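Me: I should like to go through this model and ask on what grounds its descriptive terms are applied. Please set each term against its definition.

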Amino acid sequence: MGTSELQYRIAIELIPKVGSITAKRLIAYCGSAEAVFHQPKKALLKIPGVGETIATEVATQNVLHIAEKEIEFIDRYKIKALYYTDPEYPERLRQCEDGPVMLYVKTHTNINFNTDKIISIVGTRKATTYGKQVCEDIVNGLVAKGHTPIIVSGLAYGIDIVAHKSALKNNLPTIAVLGHGLDTIYPTAHRGVAKDIVEHGALVTDFISATPFDPNNFLRRNRIIAGLSDATIVVESAVEGGALVTADIANSYNRDVLAVPGNVTSAYSQGCNMLIKQNKAALVESADDVEFFMGWKSVGKTESIKQFAINFDGLSDDEKKILNFLKAKGEETVDLIALGTGLPVSKVLSSLLNLEFSGVVNSKPGKVFAIKKLLQ
């Protein structure tokens with residue numbers, strides 16, 4: 001790809017009135033970003049969704065010189081400029097209709113945006129001790145279970161920065177999505193964390209350098225936070241705020257939304273409680289719940305279970321059969337336990353009840369059971 005083509009790719013979203021959706025529509029009809037800039041207004045008006053205003057803006061644009069300066073910035077600071085058709089461009093984000101045409105990435109590592117486990121964690125800037133602790137516990141718990149997801153957030157005060165720090169503490173890659181260009185860091189208090197993120201993850205944005213500060217840009221960047229991941233976890237939020245915007249966007253992308261419940265008298269739990277009450281988010285309290293809703297298997301737990309032998313003294317044949325099955329699987333639903341053991345669901349339920357009373361197994365959300373206490 002020549003420099004000139006990159007210049008056109010950067011410039012197309014700089015045209016007034018042209019957002020990500022319209023830009024991709026123009027590119028699709030014209031054949032390339034460069035071709036868009038060479039179309040007469042008459043031809044642009046024939047493109048569905050392109051009216052008089054947009055056609056005039058495209059035909060009379062004067063943004064290529066800005067894109068040329070941005071290329072100089074990209075080259076000087078070794079920033080990756082990913083076009084939405086590039087193989088390295090995040091596949092999850094590419095699936096979003098309003099995903100950006102260009103994504104700018106600052107990283108010193110080989111981060112894989114298309115790895116199999118990516119979650120976003122967002123919340124209020126005024127996080128309570130409770131919210132911070134739950135956020136840390138979820139990240140710590142996932143790592144303890146053998147999961148190594150990329151943690152995505154927005155580098156803001158409160159829950160965002162706790163999520164990033166928890167990821168870094170656990171040697172997890174983390175992505176900070178910015179509401180400005182890569183020529184600055186906001187808030188400035190998080191510059192040190194941002195530097196660590198570049199070393200172990202990435203700073204990403206769809207804004208070019210020298211973009212004027214605008215609070216609305218932070219709402220716009222939330223579509224990237226939601227679009228990069230399989231699920232968005234809201235830890236604490238008031239009834240209005242960026243975290244709920246991100247949750248709504250994630251829902252519109254048909255991505256999972258999970259929310260941590262809180263005290264009904266706490267202003268910063270009301271948003272999460274509302275999401276749960278309105279069935280816009282699944283209730284999660286721990287890494288166990290996140291693991292369940294994501295359909296992830298506990299790598300560390302399964303391996304540790306296989307290392308132990310179970311003493312079957314005093315157990316019925318059905319209970320022995322179920323424990324042998326769970327020993328191999330680590331955890332499973334009632335229906336799959338019945339299928340795997342060949343026992344009727346009624347016998348499986350009664351046996352699991354006895355085993356749970358005995359402290360041998362424990363139940364998890366969704367009628368999932370796992371070995372809790374290994375008998376020596």
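Reply: The turns below take up burial, strand pairing, contacts and charges.

Reply: This is a predicted model, in which local features need pLDDT of at least 70 and side-chain atom pairs count only at pLDDT 80 or more, while totals for chains, interfaces and linings use all residues. Residues are numbered from 1 along each chain as its sequence is written, and side-chain values use heavy atoms, with hydrogens and water left out.

Me: Why is Val368 called buried or exposed?

Reply: Buried means under 20% relative accessible area, exposed over 50%, and partly exposed in between, with a 1.4 Å probe and protein chains only. Val368 has 5% relative accessibility and therefore counts as buried. Of the 376 residues of the protein, 52% count as buried.

Me: Which residues are in contact with Val368, leaving aside its neighbours within four places in sequence?

Reply: Contact means heavy atoms within 4.5 Å. On that basis, Val368 touches Phe292, Glu331, Glu332, Thr333, Asn362 and Ser363, its neighbours within four places in sequence being left aside. Val368 belongs to strand E12 (residues 368–371); strands (E, at least two residues) and helices (H or I, at least four) are DSSP runs, numbered from the N terminus.

Me: How do you know that strand E3 and E7 pair?

Reply: Two strands pair if DSSP finds at least two bridges between them. Strand E3 (residues 118–122) and E7 have four bridges, in the parallel sense, and Val122 has Val234 as its bridge partner in E7. E7 and E8 are likewise joined in the parallel sense over four bridges, with Leu258 in E8 as the partner of Ile233. By contrast, strand E2 (residues 102–106) and strand E6 (residues 202–205) run antiparallel and are joined by three bridges.

Me: What makes strand E1 and strand E9 the edges of the sheet?

Reply: The open sheet has nine strands in the order E1-E2-E6-E5-E4-E3-E7-E8-E9, with mixed pairing. Strand E1 (80–83) and strand E9 (282–283) each have a single partner strand, so one side of each lacks a neighbour in the sheet.

Me: Which way do the residues of E7 point?

Reply: Ala231 and Ile233 point one way from E7, Thr232 and Val234 the other way, and all are buried. In a regular strand the side chains alternate between the two faces of the sheet.

Me: How far apart are the mean positions of the positive and negative charges?

Reply: Lys and Arg count as positive and Asp and Glu as negative, without His and the chain ends; each charge is placed at NZ of Lys, CZ of Arg, CG of Asp or CD of Glu. The mean positions of the 41 positive and 41 negative charges are 0 Å apart.
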